[in-house]
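Trainee: I'd like to learn how to read cysteines and nonpolar cores in a model. Could we go through one together?

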Amino acid sequence: DFLPEVQREAARQLSARVLELPFTPSCENLVHWMAELLQSSLPAQVHLTRLCLWETASSAAIWLADDQV
């Protein structure tokens with residue numbers, strides 16, 4: 001970790017939006033992580049087929065269920 005525990009705790013208290021992730025938070029990694037979270041919370045009869053995360057107005061990472069093995 002690049003932050004000492006004291007600073008991490010302060011960041012947690014200041015903002016609920018601070019996440020410590022076990023991976024580099026690139027757009028591609030984040031969309032894959034979000035797809036996994038969504039899939040695990042959906043009812044059995046609902047299937048996630050596509051998820052798009054926009055990084056900028058002209059750049060996005062797209063996760064497709066068909067591409068997953």
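Mentor: Happy to! A disulfide is counted when a pair of cysteine sulfur atoms lies within 2.5 Å. Keep in mind that this is a predicted model.

Trainee: How many disulfides does that rule give here?

Mentor: The count is zero. Cysteine 27 takes part in no disulfide, and the nearest cysteine sulfur, in cysteine 52, is 7.8 Å away.

Trainee: Why is cysteine 52 not bonded to cysteine 27?

Mentor: A disulfide is a covalent bond between the sulfur atoms of two cysteines. The sulfur of cysteine 52 has its closest cysteine sulfur in cysteine 27, but at 7.8 Å that is too far for a bond.

Trainee: Is cysteine 27 buried or exposed?

Mentor: Cysteine 27 is buried because its relative accessibility is 5%. Cysteine 52, with a relative accessible area of 29%, is partly exposed.

Trainee: Which residues make up the largest nonpolar core?

Mentor: There are seven: Cys27, Val31, Ala35, Leu48, Leu51, Ala61 and Trp63. Helix H2 (27-41) and strand S2 (59-64) are the elements that each give two or more residues to this core, and H2 gives the most, with three.

Trainee: What does alanine 61 touch, not counting residues up to four places away in sequence?

Mentor: Alanine 61 touches Cys27, Glu28, Val31, Leu51, Cys52 and Leu53, so both of our cysteines appear among its contacts.

Trainee: And where is leucine 64 found?

Mentor: Leucine 64 is in strand S2 and is partly exposed, at 31% relative accessible area. Beyond its neighbours within four places in sequence, leucine 64 is in contact with Thr49 and Arg50.

Methods:
Residues are numbered from 1 along each chain as its sequence is written. This is a predicted model: local features need pLDDT of at least 70, side-chain atom pairs count only at pLDDT 80 or more; totals for chains, interfaces and linings use all residues. Side-chain values use heavy atoms; hydrogens and water are left out. Buried means under 20% relative accessible area, exposed over 50%, partly exposed in between (1.4 Å probe, protein chains only). A nonpolar core is a set of buried Ala, Val, Leu, Ile, Met, Phe, Trp, Tyr and Cys residues joined through side-chain atoms within 4.5 Å. Helices (H or I, at least four residues) and strands (E, at least two) are DSSP runs, numbered from the N terminus. Contact means heavy atoms within 4.5 Å.
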